[in-house]
Amino acid sequence: MAKITLEHITKTFGKKTALKDVSLCVEDGEFLVLFGPAGAGKTTLLNMIAGIDDPDSGNIWFDDTPMNFVEPSNRDVAMVFENYALYPQMPVYDNIASPLRSRKHRTDEAGIRKEVERVAAITGMSEYLERRPSQLSNGQRQRVALCRALVRNPNVFLLDEPIAHLDAKLRNAMRKELKLMQKNLDCTSIYVTHDFTEAMSLGDRIAVIRDGEILQVGTNEEVYYRPAWEFVARLFGECEINMIPARIEKRNGRLWAVTRWEGVEFPVPVDVERSLGDVAEVDLGCRTPALAFSREPAAGYVRGSVYSVEPLGNKTELIVDVQGDLIRFIIPVDTKFGIDETVYIGLNPEHIIFFDQKTEAFLACHGEETGTEV
Amino acid sequence: MAENLVLKNLYKKYDTNGKKKQAKEQPWAVHDLNLEMEQGTFVSILGPSGCGKSTTLRMIAGLESITQGSIFMGEQDISSLHPKDRNIGLAFEDYALYPPLTVYENIAFCLRAKKVPGEEIDRRVREIAKTMKVEELLDSKVSGLSGGQKQRVNIARALVRHPKVLLLDEPLSHLDGKMRQILRGEIKRLHHEIKCTTILVTHDQMEAISLADYIAVMKLGVLQQYGTPDEIYNDPANAFVAGFIGDPPMNLLRVKVVEDASYTYAFELGDGSLLRVPEKFYRVIHTGDVFDLGIRPTSITIVEGEEYDARFKVDLFEFLGEERSVGIQINESLLNIVYNDNRRFAEGDIIHIRVNPDLLFLFEPESGERVRPR
């Protein structure tokens, strides 16, 4: 195991800057998720740590050892990719054992058996050691690839979108399996994904990356309830967060948020007030709990009409057109709305996340959901 | 007379290029399919790859010959009509647009081929471009468009002929998550506006559930169930439909009926833990019977207090945003519970659960047929 420290890593490919001054620390034994959209620099960063590619500037440390000029084979890093590259002609046992038979890691057969059985037990593959890859499901093949990476007892374990190509159902199951395996896993791990569910489920912490820059590092609840940027807020949640622009006005010594929808205005919660400073234009980040709806007109509600209704089995996604803004949120499955039906929308200020409209940076949210304790 | 689309005893077996021996073993791509689709409704044909959904669509369009059976549009048998005379609009997954032409010319293409007067072409192209929100793109070349834009143009082209039936073959599967969500809403909206009978072929159960009025679930060429999304989701005909529909998927667990002092009857799960049998099943079960039990993750509630149906030890906790999930390992499988309040659980916690008896399903282990209470 090792603590990984990245200091001011920069990397350019021609004119394109892939990584901009990235500093990140992964604690010993931590499972860190590197999360961001395609092209954000996730894989580039992983390659730096593995030694497949070198940074233009900046330092990489494993504990107190500088790694910049260490060959990949001497870094004791194991990688798992999206395509698992198994040997089709070998049984699972030999696939897993193959790194231990290489010149570098040569181990005696008794030692190999012990290792293979250990990692197979972690991944639940003990009963499949005699099979060939062709006789396995995709999920099982991925587990063999994981075993093969783990068998060397690496310092650092790097996983690059290992389950991204599986269908939704299998991905769901594999994610849970990875989560179950985690507690038996005894090495520092970095997991790259663009799937927010995987990120929130698996990461001890999540590092959100965009255009080669790390935007936020935090626990799943921190990035969900206190996203540092509007961009981060948009990435988490299956129904994208609504951003409703508002002006901040002073009335009788209190700050009020006034939206452009007539009548939709409210005094800012007291604890939020303190963090707003003198920002005059905000975006109100509203996920489902921050939105209220009613079939009848009510004070503080604005009239809208149902743009689309999408039942999702155990819940329903409602899209409401409010004066040209499309507002999306989840309603209970037994609440039925028809397209073009009138619906009134209101806000629950205590669930709103406030952003600076100009910089798109996080300003404040009401204390209840800070993600620390409920 | 409404022009319902009716499939009557439809069979399809693919030609084996005259190899007689193989012809015998060649499976039915579609086997005895009967469906009646009411004019103006949105029907989805749903199933995994190889279930015969696209074959069915192609037979409706006239692109594939019918081995046996017939297709009616209202009173008229259209089985032997040429595709162009069936008055059906088609939009496939790969857009097959003409890259050198502008969006306008792509949409106008088939009208020009039909020698529709120029003025009318212009009127119709602009009208449909407005509906599909591609008005601003009319003068652009197709090659520069994004995937979502191309699919909009593709659907516009299918609709410009004012077809009686619109066929969509996996229209969203090429698109990334966000775009797919947006276009899904648009398609729903579109159908509400034009009210044209629409058939959507998809392998994505979420797409089918959120868009369709009726869903036909198919497997290996055979219709499994035809009903509203609500019926398919809450009253599945068999274990296949139950397991195929829903995300996260339904828990399916092998159970044995035992007598129990505190519950009268209980289902014994693979690891020996017990789950109370709802009273409604007493008349159809006997001690020692084996079933596959189906229960959705959202039909299970974690309760405090005396009254409970089962007690488990938590193996897995996932924070997923508005939803949270608890997993319980039962031998090789995982019993998954999903809820959306603020409670947190940790590995090793003992929880008590209640199951919604209306949404607990039993299936015959061999055939997968539903066992209903009498």
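Begin by selecting residues 242-251 and 281-286 of chain A in this predicted model: these are strand 11 and strand 14, which run antiparallel to one another and are joined over six bridges. Within this pair, pick out Ile244(A) and then look across to strand 14 of chain A, where Leu284(A) is its bridge partner.

Next, widen the selection to the whole sheet, in which six strands of chain A are arranged as an open sheet in the order 13-12-11-14-20-21, with antiparallel pairing. At its edges lie strand 13 (265-267) and strand 21 (362-365) of chain A, each of which pairs on one side only. Going from one strand to the next, the twist averages 35°.

Now move to helix 3 of chain A by selecting residues 109-123, a stretch of 15 residues that reaches 21 Å from its first C-alpha to its last, close to the 21 Å expected at 1.5 Å a residue. Colour Ile112(A), Glu115(A), Val116(A), Val119(A), Ala120(A), Ile122(A) and Thr123(A), which are buried. If you turn the view to look down the axis of helix 3 of chain A, these buried residues fall within an arc of 155°, and they therefore line one face of the helix. On the face turned away from that buried side, select the exposed residues Ala110(A), Lys114(A) and Ala121(A).

To see what covers the buried residues of helix 3 of chain A, display other elements of the chain, including helix 2 (92-97), helix 4 (138-150) and helix 5 (168-182). Finish at Gly124(A), just after helix 3 of chain A, where the backbone takes a positive phi of about 70°.

Key. Residues numbered from 1 in each chain as written. Chains lettered and ligands numbered in written order. Predicted model: local features only at pLDDT ≥ 70, side-chain atom pairs only at ≥ 80, totals over all residues. Pairing = 2+ DSSP bridges. Helix = DSSP H or I, 4+ residues; strand = E, 2+ residues; numbered from the N terminus. Axes fitted to C-alpha atoms, helices over the stretch in contact; angles between N-to-C directions. Expected span 1.5 Å × (residues − 1). Buried ≥ 20, exposed ≤ 12 C-beta atoms within 10 Å, placed from the backbone. Arc of directions from axis to C-beta. Contact = placed C-beta atoms within 7 Å.
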